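This report describes selected features of a three-chain model. It moves from the contacts between chains to helix packing, single residues and the backbone.

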Amino acid sequence: MDGSLALEIPQIFPEIALSVFGIAILLLDTFLPKSKRHAATGIALAAIALTAVFTLGLVGEDGTFFSGMIVVDGFSIFLRITFLVVGALTVLASSSYATRENLAVGEFQALVLFAIVGMNLMAASNELIMIFLGLETLSIASYILLGIKRSDAKSNEAALKYFLLGSFSSAFMLYGIALAYGATRTTNLEAIGREIAAGSAGMTLIYVAVGLLFVGFGFKVAVVPFHVWTPDVYEGAPTPISAFMSVGPKAAGFAVLVRVLMVAFPAAYAKWLGLVWLSAVLTMFVGNCVALVQSNIKRMLAYSSIAHAGYILVAVATRNQEGVAALLFYTLTYALMNIGAFTIVSLVSRQGDRKTYLDDYAGLGFKQPGLAAALSIFLLSLAGIPLTAGFAGKFFIFRAALESKFVWLAIIGVLNSAISVYYYLRVIVVMYMKEAPDDWSPVAMSSSAIAVIALSVLGILQFGIFPDMLISLARSSVIGYR
Amino acid sequence: MIPLGFYLVVSAILFSIGAYGFLIKRNIITLFMCIELMLNAVNLSFVAFARYYALLDGQVFVFFVMAVAAAEAAVGLGIIVALFRNRQTLNVDETNLMKW
Amino acid sequence: MPHSILTLITFLPAGGAALLLFWPRTGASAIRNIAMGVSLLTLLLSLPLFPAFDTSNPGMQFEQSAAWIPSLGIRYHVGIDGISLFLVLLTTVLTPVAILSSWKSIQTKVREYHLFMLLLETGMIGVFVALDFFLFYVFWEVMLVPMYFLIGVWGGQRRIYAAVKFFLYTMVGSVLMLLAIIALYLLNGATTFDFPAILESLHQGNLILSPGQQHWLFLAFFFAFAIKVPLFPLHTWLPDAHVEAPTAGSVVLAGVLLKMGTYGIVRFCLPLFPEATREFTPFISLLAVVGIIYGALVAMVQTDIKKLVAYSSVSHLGFVVLGIFALNEQGLHGAMYQMLNHGISTGALFLLVGMLYDRRHTRLIDEFGGLADPLPVFSAIFMIVALSSIGLPMLNGFVGEFLILLGAFDADRTYAVIAASGVILSAVYMLWVYQRVVFGQVTNPRNRRLLDLDFREKLVLLPLVVLIFWMGIYSESFLRKMDGSVSQVLQHFRSSAVVMKH
């Protein structure tokens, strides 16, 4: 047993590497002189690169490890790579942000690494308690990241709200785990699935457990009616963290939701399908309709991220392999466009995150054409205009929905994406069709922010115009794909 | 021996009290305590199930939950302190800089 | 002719746009020359398509096909037949005309303007040549973006409202079409988005659509196209977009964009869903006729010339739809021909209105009067274009309207009679506005010193006037090229209708 355990350690090298580097950054930060502390960014990037190498080394693995606690399959590897992309972009975007806002770069980057560890563990968990631990690792890191601007009341408030509702929802999830454990005597996903299939589990308890788990995950991924915290938290958070929060935890939450529902509770899931359907519809409608009237762009993007959670929930509702592949494709590409958009928002908002209103974008289109063009591409991609990754992702999702005969869900989905065009266009309208104010001050660029924007644009166009490779990859990463 | 159902009912009641309190109370510290109550209700379920099935892992989970709750408390109280320094209040109704 | 000719024609403007993207924004005249050069080169490349087009072959020609997204069965597949040939040519003719027409009137953000113009050209040609559903949809949607910017940045007072309305209307229609496309693909075994392939399996009986499926798929496609046409009562975006768009934008909008709707109906709705087409024909014909009369009546009471032309488009496009849904040779021929006519004569009308606007900065009819005196050349050309729009024999409009009415008469006499009265109404509003603008005394002193058309403006209008006469007199040379493909559409239509009956 001991010997085999040691042999299994390479399966979690990615998480070990990230943790070690995270701790190293924290230690270095204490000992380095203040002028050299920005080295943390480089170290964090190196850690992510190293982790990517470890993760890619796992490609082809397929099995469970550590007594069935950790699963390494295409699904978890795809997601780990997604999280590393999210992490790398967040690290890059926050380095100049932290400098501008006078924040401790080292703590910032270390916490991002810890958050990635949490997400990775969630993706690789085969066990409800492991999922809970991964989720808490992620959540605690993000509580601190949200409130890292200690003297900023909005940042405090965002952290508090996320903390209170996050732990509230964790309690629900945990209760669901306890009930599932009570019904099946195990917390291993595959074992739960076997117990239920064998008919030896109390189904009432299982239904309640699945409902509670859905509530818990619903909070994390911000689907209606568990979305109320989202706009406040995204608005108050340091902008790169808003970006991170809108893509990382969301992708992780959805991934785990899919794994739990498909591996452990397929039968109970069918029972809840009506509610998932309803939740998807409400999420899309509420997200899109409330986004229409926002004047603060961070809040608008927050509601837009709720709406996108609705589209992803459509993919979850399909319960077929295409849907899961679409979810993988969508979460990765959505990460690119949302981080890109938030990075530009963060640049435009200037020091102190003051200029986050729509009017602050007036005239940007001809004052700083490159920046405005990039933001337009991100917004058009979010709106799902062809030749962007956003369109390919939606296409993939609605294809899966129609394939499983969710015609109405698909119709509601596409109509919603037509509604969403309106508020994304509003930003473009302001940028290109309104004149810049007289006291226009240019937006300061930084090389790391430019790198984030350029990478995101490239990714969006690459996966938008030639999505073939990513689609094939996503398809071969679906759970149960052999 | 007290039947399993009794434990579960107590656990459910505790959980509900916690959730209800979370929704109606206004003091942040009280909210925090309500969450703790919910977590401990869950712990009770875990222990009860573990004992009933004569399994050990349920009891181990409780330790995990307690460790996580402690970590959350550390971070959460830090956030609360930072907030109090800036705003001089612990009432959630007054933490309303952002509204739609 | 190289087999990638269509690809070249389609993407050459986009290449020009890419060049402009990196061109310094200061060289306004160089930018205009580049845009003009690129669009002329596109025109030159596209002209040989006309003689090289094989009249005896009703199928697709100049085809090119390559794998694009194999995992979803999506190919890059382009080709043209007698239906799309002329629409491609119309696009390549109108784009340089539009660019030349805005030589003077666009003075701000010149680089971006021409960049969007060229991108728009790529989008428009792409819609007409795409034979893969996915590719078609991509062009159909992507084309919205440059048009949106053209209206929104360089348009008139209420440009933002008009631009957003235009975008949203089209978007709502097209997302449902997207679902219909996906549904068609799934029903066909989820292997291909290739339009000819899907049509083939429909004819082979490998793909059988139940009446219910046909019904809904037809509606989803038709809704998208009807918004674009625009068919009454979905037309409300059109007057706003036309009035607010800059002249070149209106020309392209009226000339080409509206044709995408009718093109889509002929290309996709008729052959794919014959039963549903029959089912909805009475209803759609009714809407078309209502549109003809309504458009004409509303045009009559307009005080703004541009709005008048915009509403006349609603009326003219009603004719086109009526012709298509006559579902016979004459009607369809007439509809195809009328699409081209409308592109040319309405394009020319918008250009003329734009020239007036450049001089007086108003488009109100009351402001003018007696322009024949200071602007003789303008008035002469205006007369020719107005008569072409009315449908005077020897000019292009006549052939189209006549064929449509012939076809419509065959299909349903009542509608044909009402539509014919629409022709009279169009004569009323067109001649009335002509009379108020051109004839009589110069009532407004500011009109007295206006300068007549300069060389550039004559050059802009010349190709259109030539086409008006050419298409009016030698209509046979055009109709012959369409003949095979039009017959094939109807033949497909009839044969599949028979298959469905079994």
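The text below treats the chains, the packing inside them and some backbone details in turn.

This is a predicted model, in which local features need pLDDT of at least 70, side-chain atom pairs count only at pLDDT 80 or more, and totals for chains, interfaces and linings use all residues. Residues are numbered from 1 along each chain as its sequence is written, while chains are lettered from A and ligands numbered from 1 in the order in which they are written.

**Chain contacts**

Two residues are in contact if their C-beta atoms, placed from the backbone, lie within 7 Å. Two pairs of chains are in contact, and of these chains A and B share the most contacts. Chain B and chain C do not touch, and their nearest C-alpha atoms are 24 Å apart.

Between the first two chains, 32 residues of chain B are in contact with 32 residues of chain A. On the chain B side, helix H1 (4-24), helix H2 (28-53) and helix H3 (57-87) each supply at least two residues that touch chain A. Helices here are DSSP runs of H or I with at least four residues, strands are runs of E with at least two, and both are numbered from the N terminus. H3(B) gives the most to this side, with 15 residues. By class, the side of chain B that touches chain A has 25 nonpolar, five polar and two charged residues. In this classification Ala, Val, Leu, Ile, Met, Phe, Trp, Tyr, Cys and Pro are nonpolar, Asp, Glu, Lys and Arg are charged, and the others, Gly among them, are polar.

**Helix packing**

Two packed helices are described by the angle between their axes and the distance between the axes. In chain A, the axes of helix H13 (residues 297-318) and helix H17 (residues 389-403) come within 9 Å and cross at roughly 35°. Axes are lines fitted to C-alpha atoms, for helices over the stretch in contact, and angles run from 0 to 180 degrees between N-to-C directions. The crossing of H13(A) and H17(A) is left-handed, a term used if the near helix is turned anticlockwise from the far one by less than a right angle, with right-handed for clockwise. From H13(A), Tyr311(A), Val314(A), Ala315(A) and Thr318(A) meet Lys394(A), Ile397(A), Ala400(A) and Ala401(A) of H17(A). This contact has six nonpolar, one polar and one charged residues.

In chain C, 27 of the 32 residues of H15(C) are buried, so the helix is mostly covered. A residue is buried if 20 or more other C-beta atoms lie within 10 Å of its own, exposed if 12 or fewer, and partly exposed in between, with C-beta atoms placed from the backbone. The end C-alpha atoms of H15(C) are 46 Å apart, which agrees with the 46 Å expected for 32 residues at 1.5 Å a residue; the expected span is 1.5 Å times one less than the number of residues. His361(C), with a positive phi near 55°, follows H15(C).

**Two buried residues**

Ser389(C) lies in helix H16 (residues 376-390) of chain C. Ser389(C) is buried because 28 other C-beta atoms lie within 10 Å. Leaving aside neighbours within four places in sequence, the contacts of Ser389(C) include Ser312(C), Ser345(C), Gly397(C) and Ser426(C). Ser426(C) is 37 residues away along the chain, with a C-alpha separation of 8.1 Å from Ser389(C).

Ala124(A) is found in helix H5 (residues 105-124) of chain A and counts as buried, with 30 C-beta neighbours inside 10 Å. Beyond four places in sequence, Ala124(A) is in contact with Ile70(A), Val71(A), Val72(A) and Ser76(A).

**Backbone details**

Two peptide bonds that are cis, and two positive phi values in residues other than glycine, are listed here.

| Feature | Value |
|---|---|
| Val224(A) to Pro225(A), cis | omega near 5° |
| Phe232(C) to Pro233(C), cis | omega near 0° |
| Phe66(A), positive phi | about 50° |
| Leu327(C), positive phi | near 60° |

Pro225(A) lies in the loop between helix H9 (203-221) and helix H10 (229-236) of chain A. Pro233(C) is in the loop between helix H10 (211-228) and helix H11 (237-244) of chain C. Phe66(A) is in the loop between strand E1 (63-65) and strand E2 (70-72) of chain A and is partly exposed, with 17 C-beta neighbours inside 10 Å. Leu327(C), in the loop between helix H14 (305-324) and helix H15 (329-360) of chain C, is buried, with 22 other C-beta atoms within 10 Å.
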